[in-house]
Amino acid sequence: MKKTRRDKDPFDLVIFDCDGVLVDSEVISCAAHAETLTRHGYKITADQVFDRFLGRSMRQASLEVEAEMGRSLPDDFHAQVYAEIFRLFAVSLQATPHVDEALAAIALPVCVASSGPPEKISASLNRVGLWDRFAPHIFSAVQVRNGKPAPDLFLFAAAQMQAAPARCLVIEDSLAGIAAAVAAGMPVLGFYGGSHCRPGHGDRLRAAGAVAVFADMRQLPDLIARIGQKPGFVAGFSAL
Ligand SMILES: [Mg+2]
């Protein structure tokens, strides 16, 4: 049900990325991708997958691997990777620490906008108990023509939620996601608290256009309030 808009609300909508923001999934996804590639004769570690392929589509990654190997991966390669991701999710996926209490303290309408396919979003959010907090306001890149870093998914989510782009706030952990929000004309906060984040990740998010960066979800409700009190607020602010 749509909430009544209040003038004092800093934003009309908060859009959350899923992987690396709501769930600490990127390490698991890289491990599954590496394991499946290795099983098909392309030896690679999870760290190497992270460095080379994180934030890029699996299709692009597969084309690169196939060109290197000089032969094709199986037709159902992507399904095999996702089967391994779902197997690992079921045993080890965790919510981002303190995301429950952050969400409980945010009174604004919220939604999810993820590059992942619907099955992956559903498996993730159900596993950590966040599905009911967002459903049915959960959007996947399969619903738009161009994925992140294009703005399509965030603009689609805003339209579905009947919010003007400039009145939306995005929470993202990837450079592609920050770029997508900036292209959509939405202020974006960069989260660098995921277990996949390396030193300097927060700085990279800020350089990409995040208006502020943070590594602890307990900071988020206060950050939203502070940013909302500063109309026209832009880069240069840091919430460390
Ligand atoms: Mg992400």
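Helix α1 is a good place to start in this predicted model: spanning residues 26-39, α1 has 14 residues and reaches 20 Å from its first C-alpha to its last, close to the 20 Å expected at 1.5 Å a residue. Its buried residues are Glu26, Ile28, Ser29, Cys30, Ala32, His33, Ala34, Thr36 and Leu37. What do they pack against? Their partners are α2 (46-53), α3 (58-69) and α4 (77-92). Follow the chain just past the end of α1 and you meet Gly41, with a positive phi of about 95°.

Now turn to the sheet. Its 6 strands are arranged in the order β3-β2-β1-β4-β5-β6, forming an open sheet with parallel pairing. β3 (138-140) and β6 (212-214) stand at the edges with a single partner strand each, so one side of each has no neighbour in the sheet. From one strand to the next, the twist averages 25°. Looking at one edge in detail, β3 pairs with β2 (residues 110-114) in the parallel sense over 3 bridges, and there Ala113 stands opposite Phe139 of β3.

Ala113 also leads us inward, as one of the contacts of Ile15. Leaving aside neighbours within four places in sequence, Ile15 is in contact with Cys111, Ala113, Phe154, Ala157, Cys168 and Val170. Ile15 and Phe154 touch the most other members of the largest nonpolar core, which has 58 residues. Helix α9 (residues 175-183) supplies the largest share of this core, 5 residues. Both domain 1 (13-25 + 94-228) and domain 2 (27-92) contribute at least three residues to this core. There is also a second, separate core of 7 residues, and this brings us back to α1: among its members are Cys30, Ala34, Val49 and Phe53.

Note on methods
Residues numbered from 1 in each chain as written. Predicted model: local features only at pLDDT ≥ 70, side-chain atom pairs only at ≥ 80, totals over all residues. Core = buried A, V, L, I, M, F, W, Y, C linked by C-beta atoms within 7 Å. Buried ≥ 20, exposed ≤ 12 C-beta atoms within 10 Å, placed from the backbone. Helix = DSSP H or I, 4+ residues; strand = E, 2+ residues; numbered from the N terminus. Domains from an automatic or database assignment. Contact = placed C-beta atoms within 7 Å. Expected span 1.5 Å × (residues − 1). Pairing = 2+ DSSP bridges. Axes fitted to C-alpha atoms, helices over the stretch in contact; angles between N-to-C directions.
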